[in-house]
Amino acid sequence: MSTTVKTTTCYMCACRCGIRVHLKDGAIRYIDGNPDHPLNKGVICAKGASGIMKQESPARLTQPLKRREGAERGAGDFEPISWEEAFSILEKRLAHIRQTDPKKFAFFTGRDQMQALTGLFARQFGTPNYAAHGGFCSVNMAAGMIYTIGGSFWEFGGPDLERSRLFVMLGTAEDHHSNPLKIAISDFKRRGGRFISINPVRTGYSAIADEWVPIRPGTDGALLLALVSELIEQGMYDREFVARYTNGGQLFINDPASPESALFATAADANAGPPGYPQNQLWCDRLSNMPVLTHTPEADPALFGHFQLNDGTPVTPAFQLLSDRVRPYTPEWAEGITGVPAATIRRLAQEMGVTARDEKIELPIAWTDCWGKEHKTVTGNPVSFHAMRGLAAHSNGFQTVRTLAVLMSLLGTIDRPGGFRHKAPFPRAIPPLAKTPTGPEGCSRASRWRDSPSVGRLHRRTSSSTPTASRYASTRPSRGSTRCRCTASCTP
Ligand code: SF4
């Protein structure tokens with residue numbers, strides 16, 4: 001009898017731990033963790049170790065099935081056929097669809113993490129109708145965070161538990177980042193970090209949390225709104241981070257009678273910023289009391305107040321709008337929805353704000369930000385979060401996730417040590433990605449770019465031929481004769 005060991009990846013959950021499969025005479029004897037794998041370093045969970053049961057299950061499909069001749073659709077009456085017969089049937093049917101109208105081919109795959117390949121196949125076939133299991137799972141998590149801060153947990157980043165002091169987990173079951181996260185939480189707690197779990201049930205990760213905050217299922221959005229409201233109310237947000245790294249100081253047109261209301265107020269110079277990515281939004285600089293291009297050196301944006309541009313256009317910083325919007329969402333309001341006592345919500349907001357403010361990390365690493373400002377150190381606010389499907393897969397899941405991203409922004413804990421380690425996929429290169437082809441003829445590289453939206457269209461509000469352009473011409477910096485007519489103090 002011969003024994004062999006094969007190394008591969010566990011597919012019993014989304015974590016993809018490295019495993020060793022021990023075989024005896026070609027049959028699986030048992031599975032254990034691969035100590036040489038960088039992700040799980042030999043750790044394996046009970047589910048992973050039971051992978052043998054899936055492999056050996058008598059219910060597992062091992063050959064193609066075809067509905068029996070004359071059987072009713074939906075009756076589940078199938079017969080096994082050979083692979084040759086299956087490929088021949090598929091080839092005939094797919095060839096006909098591809099020649100006539102490829103869009104009629106809808107391609108749906110399960111949780112295989114091979115979507116780069118399945119998507120490539122669908123695009124080469126010529127159909128835009130392809131999807132995968134993600135649409136039913138935590139896709140709001142990705143969509144909401146990408147929409148708000150450019151990247152999400154899991155795919156594009158995670159909590160920096162090596163440096164964090166406070167770790168808050170919401171709506172997370174066991175199957176995302178499972179073993180690596182368990183290893184990281186265990187080290188984090190040994191280093192004295194505090195772990196708060198907000199979850200309807202105290203199982204899994206919550207079982208080892210320093211504090212478990214039970215919450216009514218599907219109500220995390222209300223809790224997050226109350227935390228945001230409370231942080232602003234108490235002035236516990238990271239003002240410097242909000243002003244420089246969010247759009248909190250950017251001026252919005254605030255005129256309900258105008259079709260441009262709620263759009264950015266912009267300067268006329270279409271060349272401000274790289275092509276297709278104009279950087280001509282405005283701040284009201286509270287030092288000079290002037291409208292200036294955002295990130296003008298030495299300028300400091302007002303976050304609160306209501307102002308007027310020279311032409312009388314009323315404008316308001318985004319942060320003021322956010323503050324107005326969340327003011328009614330008090331801890332008392334959230335208590336009635338979430339079941340979390342208002343006092344607990346206040347205490348959580350306080351703890352997050354104080355930890356971010358008072359336990360700052362300074363790493364002696366010089367860097368230059370994307371506006372060219374040089375920094376001698378990297379600053380970190382050591383409050384980190386992790387959240388998943390529990391937030392995303394409920395009504396308002398998208399907005400719940402966006403609120404979490406706003407909360408993280410207020411705490412200044414994005415793309416910083418001790419916070420959210422972030423490798424953003426966005427913004428993407430300009431010009432934008434090609435559109436999905438609508439047929440086989442659309443698959444050539446030349447036609448893909450021909451179909452893409454032109455870069456020029458992105459300049460609509462900055463073109464000198466639009467009424468908008470002349471309206472804001474006088475708001476560009478270094479034009480001393482043009483002052484904004486602030487109707488409130490620029491001081492928050
Ligand atoms: S956490 Fe468990 S089930 Fe998931 S991949 Fe790792 S070993 Fe497999």
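Two residues are in contact if their C-beta atoms, placed from the backbone, lie within 7 Å. Helices (H or I, at least four residues) and strands (E, at least two) are DSSP runs, numbered from the N terminus. The model is predicted: local features need pLDDT of at least 70, side-chain atom pairs count only at pLDDT 80 or more, and totals for chains, interfaces and linings use all residues. Residue numbers start from 1 along each chain, as its sequence is written.

Helix α11 (residues 342-358) takes part in two helix contacts, described here in turn. In the contact with α7, the residues Leu223, Ala226, Leu227, Glu230 and Leu231 of α7 meet Ile345, Arg346, Leu348, Ala349 and Gly353 of α11. These residues divide into seven nonpolar, one polar and two charged. Here Ala, Val, Leu, Ile, Met, Phe, Trp, Tyr, Cys and Pro count as nonpolar, Asp, Glu, Lys and Arg as charged, and the others, Gly among them, as polar. Helix α7 (residues 220-233) packs against α11 at an angle of about 60 degrees, and the axes are 9 Å apart. Axes are lines fitted to C-alpha atoms, for helices over the stretch in contact, and angles run from 0 to 180 degrees between N-to-C directions. α7 and α11 are therefore oblique to each other. Angles under 35 degrees count as roughly parallel, over 145 as roughly antiparallel, 65 to 115 as roughly perpendicular and the rest as oblique. The crossing of α7 and α11 is right-handed. A crossing is left-handed if the near helix is turned anticlockwise from the far one by less than a right angle, and right-handed if clockwise.

Helix α10 (residues 331-338) also packs against α11, at an angle of about 120 degrees with the axes 8 Å apart. This pair is therefore oblique. α10 passes α11 in a right-handed crossing. Pro331, Glu332, Ala334 and Glu335 of α10 meet Ala342, Ile345 and Arg346 of α11. The contact residues divide into four nonpolar, no polar and three charged. Ile345 and Arg346 of α11 appear in both contacts.

The strands come next. Strands of a sheet pair through backbone hydrogen bonds, either parallel or antiparallel. Two strands count as paired if DSSP finds at least two bridges between them. One open sheet has four strands in the order β11-β10-β9-β21, with parallel pairing. β11 (211-213) and β21 (383-387) stand at the edges with a single partner strand each, so one side of each is left without a neighbour in the sheet. Neighbouring strands of this sheet are turned by 15 degrees against each other on average, direction ignored. Strand β9 (residues 166-170) runs parallel to β21, and five bridges join them. In this pair, Leu166 stands opposite Val383 of β21.

Another open sheet has three strands in the order β1-β2-β3, and its pairing is antiparallel. Its edge strands, β1 (3-9) and β3 (27-33), each pair on one side only. The average turn between neighbouring strands here is 25 degrees, direction ignored. Seven bridges join β1 to the antiparallel strand β2 (residues 18-24). Thr7 stands opposite Arg20 of β2.

Strand β16 (residues 314-317) pairs with β12 (residues 251-253) in the antiparallel sense over three bridges. Phe252 stands opposite Thr316 of β16. Strand β15 (residues 307-308) is also antiparallel to β16, with two bridges. Gln308 stands opposite Pro314. The hairpin of β15 and β16 has five residues between the strands, and Gly312 takes a positive phi near 90 degrees there.

The ligand has 13 residues around it, of which Cys10, Cys13, Cys17, Cys45 and Gly48 come nearest. A residue is near a molecule or strand if its C-beta atom, placed from the backbone, lies within 6 Å of it. The shell has seven nonpolar, four polar and two charged residues. Helices α1 (46-49) and α6 (178-190) each supply at least two residues of the shell.
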